[in-house]
Amino acid sequence: MSTALNSASWRHHGYITEPNVDDYLYSLLPPREEVLSEMEAEATRNKIPIVGPVVASFFRQLVIMTGAKAVFEMGSAIGYSTIWWARAVGEGGRVHYTDSDATNVEKARRYFERAGVAGRITIHRGDAIELLSEQKEPFDIVFNDIDKDDYPRVLRLVSPHLKKGGLFVTDNVLWSARVVQKNPDATTKAIQEFNRQLYKSPEFDTTILPVRDGVAVAIKK
C-alpha cells in the first residue's frame, strides 16, 4: 500500500471506520495507474479533498450496475473522482466537471489529458449549484461534493435533473462522526438537515454507507 494512502496521512479527510480497518481496505486495492497515484499524493501533500480509491471504486461499480452514461459532478477539485467516473461511463459517456477555482480547473484539465479521458469530460468553471440548474437534460448520476453548508440547497434542486431510476450520490454525509454531536456547528447542522430530508423525501430511496466519511446513495423513484 502506498504511504500516501495510510490512515494517518488521510485522516484530515475524515474516517468513520477504525483506522486499521481503513488500512486493511486500502491494502486490498490493486495498484492505480501513475496519474491517479500522483493525484492521491498531491491530495495528501496539499490537503486537497478527494474521495480516495475505495470510494472511487464503489462509484465505478455504480456506473457498471446502472449502465450510466451521463454524470454531473458537483465539486470536482483536481478531478480525481472525475477520472473514475469518466473511465466507468466508457466511450459515448459524458461526465461534467465543476469547480470554481481556476487553479483546480487547470490542474484537472492536465490530469484528464494524461489519463486519456479528456474527450469524455465537459469542464465547467463556476458555482456547481448554478451550473446544475442550467442543465436541460437529466442525468443518470449526480454526485454532490460541494461545500457542506450548501447540501440542503442541492437536495432542493437535484430531482428534476435526474432521470427516473437515476442516482443522487453524496460524499461526507457522516462528517468524521460529527453528525452525532449534541451541539454541532453550523456546517454539521447543514449535513444533519440534508440527511434527514433526504431520508424523508418521497422522491428518493436512500441508504447511507459508513465507508470512509460516509456516502449517501439515493435512487430517484
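This passage describes the largest pocket, the one cavity and the surroundings of His124 in a predicted model. Residues are numbered from 1 along each chain as its sequence is written, and side-chain values use heavy atoms, with hydrogens and water left out. Because the model is predicted, local features need pLDDT of at least 70 and side-chain atom pairs count only at pLDDT 80 or more, while totals for chains, interfaces and linings use all residues.

We turn to the open space. The largest pocket holds about 650 Å³; a pocket is an open set of points on a 1 Å grid over the protein atoms alone, with protein on both sides within 12 Å along at least five of seven lines, and a volume is the space filled by probe spheres set on points joined across faces, edges and corners. Its lining (residues with an atom within 4 Å of a point) numbers 32 residues, with Pro49, Asp145, Ile146, Asp147 and Lys148 nearest the centre. Helix H5 (80-89), strand S2 (94-99) and helix H7 (128-133) each give two or more residues to this lining; helices (H or I, at least four residues) and strands (E, at least two) are DSSP runs, numbered from the N terminus.

The search also finds one cavity of 30 Å³ or more, where a 1.4 Å probe fits but cannot get out. Asp22, Leu25, Tyr26, Val54, Val211 and Arg212 line this cavity, and helix H2 (residues 19-28) supplies three residues, the largest share.

Finally, His124 sits in strand S3 (residues 121-125). His124 is buried, at 15% relative accessible area (under 20%, with a 1.4 Å probe and protein chains only).

Notes. Buried means under 20% relative accessible area, exposed over 50%, partly exposed in between (1.4 Å probe, protein chains only).
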